[in-house]
Every structure is written in structure tokens, then in C-alpha cells.
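Open the model in your viewer, with the sequence panel beside it. The tour below gives one selection at a time and says what is there.

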Amino acid sequence: MILCASPLAQYQSHKEEILEAIERVLEGGNYILGPEVEKFEKSFAAYCGADYAVGVSSGTDALILALRALDIGPGDEVITVSHTALATVAAIIASGATPVLVDIDPSCYTMDPECFQRAITSRTKAVIPVHLYGQPSDMDAITKIAREHGLFVIEDCAQAAGAIYKGMRVGSIGDAGCFSFYPTKNLGAIGDGGMVVSKNAGLAQRIRRLRQYGWDEKRTTDEPGLNSRLDEIQAAILNVKLKSLDEDNARRRGIAQLYNEGLAGLPIALPNEHPDTTHVYHLYVIACKERDQLQKRLADSGVLAGVHYPVPGHRHGGYVGKATVSPKGLPITEELGATIVSLPIYPELSRCNVNEIISLTRGHTR
């Protein structure tokens, strides 16, 4: 069986060091917000080119806390895309604000800056561009529009740890960058985890308080907060894996290149990359008119391809009526859900397996 992603293979490739790190935490007796979290926050901030990093319990909480720390809530609008993991939209709703969902670029599947600009109203307070599948959004255009309208920029970097936009790591470009360390991510824990990075000292300090009830160093509060802490074991594991993130991302890019070469000339749309960016291929997503048949053919041969995402955020039953959709609709988003499929990709995927997937795909689509 060839899985779409394999956290187990990632664990096995770092097994000895991960077990040593876990034992160090267990024997040290400090399990919450201790030295491993502090080390990881400093290392990850430096890696991203940010000044500050605050570890939290998930990527969703990272978005919620960033929104709250920027005083975004009831009565405010936050513009993002509907073609994203549902967490992006869920976080806006959890903050009390209203998600305004816009369409995507048909080539790279990230936010269309023109659609973003058309959606701005007097109630808009922020924009959340999603660096989807490991692909940086068009940040020059998005940040320019945001600054012209006095809007905050919160980068959703959940799928793009290590991606680069014009020489800058994602997360370091906007007012805040929010990361997920869910096990399948490019930098994945063995459990949940998240991080907010920023160059703004005041914003980072407020998030640091909000992640733990609103406490300051003396455990006094000026406002209520959450319980959203990155634990020591997950931080210790992430400290191990951060050291090989660039190498692992390079392997992902190498696998993507093999797919690009092996699938060239077929009636399918291969991934595109924005100019001057480094796509880190959290997912390798193609578009195919006979997607369901291709996915079944692969599954019948033991290859589990995924679909990210078959149902856009505004179509989920629990979210209907809780988000505003651009008046011109989301035609590209609506069309994409019926054609895309994610082929297996992770650093430990063998070339033999990649060749098998290419052969099966070519046999179906030729």
C-alpha cells in the first residue's frame, strides 16, 4: 500500500533521535512550556526570518489567537479563500468575525488578488492568504492591496513550512504567520501543534498571554485567553525534525520533478509555481476530468491518492450562512473540487513507488 502521506515513515527516518528527545523530556520532569518549547520557538523564528515565535496547540488556534491579538472579532470581516482546509474558515468564525470568501488563481490555486480587492468593504479588517499545498501566494500583490486599505495580513502557512517567496520564508512577510505541525505536514509533530511567528514584539507578547488564559509573567490578567499550549514532547520532536526540514523539502521537490517529467504530455493539469518562489509540495495536486476513475484505478492497485478539497468551505453544511461569498461567486473554486487529486508525496517515498504511480496514471489517462 502506498499512502498519500506517511507520518510513520517520517518517524522511522528519525526514530533514534526522536526517542532520545522524548526520553529527555520524560526524565526532565518539565512537560508544559519548558526548555524544549523555548528552544523550538527561538529556532523556528530564526528559520522563518521572524523575530518572535509563540508555540500553541494547533494551527487552527494559531489563526484564532492571531486574529484575537489584532482585535478582530464580532462585526469585522476577514477575507480568505474557500478552497482551503476548513480550519482557515473555522478560525475566523471562532474569533467572532465573518469570513468573506473569494476565488482563486486558476493556475496556482492560491488567492486571486483582484478578487480580494473587489471584496473589501468598510468592515474588512484583515486578509488571510493561504499558501496552499506548499505554494506561496502572490504576496506582493496581496500585501500592496492590504496596505492601501489599512488591513492586517495573516499568512496561513499550515501547508508551507520552509516555502520561500522572493527570498523570504513564508510567515515573515505579513503581520503574522500561522503554522500547523499536524503529523502529515512538512514539519510534523506526533500529535497536534502550532506556531505564530511575527516581527512585532507587542503582537507576539499578546499572543503569548492569550495562549494561557491571558496570564502575564505574574499570572495576572488584563483580558481572558485560551488554553492553547505547545507541549514539551511535541516541541522536542519538532526540534529534531526542524534540522532536516530543508533536506526533506528538497526531496519533495525532487519527487514533484519526477512526476512532472513522467506525467508530461497527458491531458491533465500539472502543478504550476508562482515566479521567484520555492514550492515545498506538501501535496502534489493534479487536475483530471476523470478524477474519480483515476482515483479508483490507483486505489485498486494499492495507491491511496487524496482529494484536497472536494467540498469548498462555503458548501459545508455547518458553515452555510456563516460566511459571505463574493457577489461574482467562486467559479474556479466550484469547478476545481470535481477535478483535483493529490498523488502520494513525502520525503521517504521511493523512486520505485513514484515510477509505479506514474505508470498507473499514464495507463489511465493516455
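Start by selecting Met1, which sits in the segment before helix H1 (7–13). Helices here are DSSP runs of H or I with at least four residues, strands are DSSP runs of E with at least two, and both are numbered from the N terminus. This is a predicted model, in which local features need pLDDT of at least 70, side-chain atom pairs count only at pLDDT 80 or more, and totals for chains, interfaces and linings use all residues. Residues are numbered from 1 along each chain as its sequence is written, and side-chain values use heavy atoms, with hydrogens and water left out.

**Surface patches**

Met1 has a relative accessible area of 72% and is exposed. The cut-offs for that word are over 50% for exposed, under 20% for buried, and partly exposed in between, with a 1.4 Å probe and protein chains only. Add Leu3 and Leu304 to the selection: with Met1 they make a nonpolar surface patch of about 300 Å². A patch takes residues with over 30% relative accessible area and no salt bridge, joining like charges within 9 Å and nonpolar side chains (Val, Leu, Ile, Met, Phe, Trp, Tyr) within 5 Å. The areas come from the Shrake-Rupley method with a 1.4 Å probe, and for residues only the protein chains shown count as cover.

Next select Glu16, which is in helix H2 (residues 15–28). Glu16 is exposed, at 62% relative accessibility. Add Glu20, Glu23 and Glu27, which together with Glu16 form a negative surface patch. In this scheme Asp and Glu are negative, Lys and Arg are positive, and His and the chain ends are not counted. Each charge is placed at NZ of Lys, CZ of Arg, CG of Asp or CD of Glu.

**Salt bridges**

How many salt bridges does the model have? The count is 19, where a salt bridge is a side-chain nitrogen of Lys or Arg within 4 Å of a carboxyl oxygen of Asp or Glu.

Select Glu41 and Arg211, whose side chains form a salt bridge with N to O at 2.9 Å. Glu41 belongs to helix H3 (residues 35–48) and Arg211 to the loop between helix H8 (201–210) and helix H9 (232–242), so this pair ties together parts 170 residues apart in sequence. Are the two residues buried or exposed? Both Glu41 and Arg211 are buried. Now add Arg208: Glu41, Arg208 and Arg211 are linked in a network of salt bridges.

Move to Glu223 and Arg206, a salt bridge whose closest N and O atoms are 2.8 Å apart. Glu223 is in the loop between H8 and H9 while Arg206 is in helix H8, so the pair ties together parts 17 residues apart in sequence. Arg206 is buried, at a relative accessible area of 17%.

The next pair to select is Glu273 and Arg253, where the closest N and O atoms of the salt bridge are 3.5 Å apart. Glu273 lies in the loop between helix H10 (245–262) and strand S10 (277–278), and Arg253 in helix H10, so parts 20 residues apart in sequence are tied together. Glu273 is partly exposed at 33% relative accessible area, and Arg253 is partly exposed at 31%.

**Strands**

Switch to a cartoon view. Strands of a sheet pair through backbone hydrogen bonds, either parallel or antiparallel. Two strands count as paired if DSSP finds at least two bridges between them.

Select strand S2 (residues 77–81) and strand S4 (residues 124–127), which run parallel and are joined by three bridges. Ile79 has Val127 of S4 as its bridge partner. S4 also runs parallel to strand S5 (residues 152–156), with two bridges between them. There, Ala126 has Phe152 of S5 as its bridge partner.

Now find the open sheet of three strands in the order S7-S6-S10, paired antiparallel. Its edge strands are S7 (168–169) and S10, each pairing on one side only. Two bridges join S6 (residues 164–165) to S7, and Ile164 stands opposite Arg169 in S7.

**Backbone details**

Stay there and select Lys166, in the loop between S6 and S7. Lys166 is not a glycine, yet has a positive phi of about 50°. Lys166 is partly exposed, at 40% relative accessible area.

Then select Tyr213, in the loop between H8 and H9. Tyr213 also has a positive phi, near 70°, in a residue other than glycine. Its relative accessible area is 32%, partly exposed.

Finish at the peptide bond from His308 to Tyr309, which is cis with omega near 15°. Tyr309 lies in the loop between helix H11 (291–300) and strand S12 (324–325).
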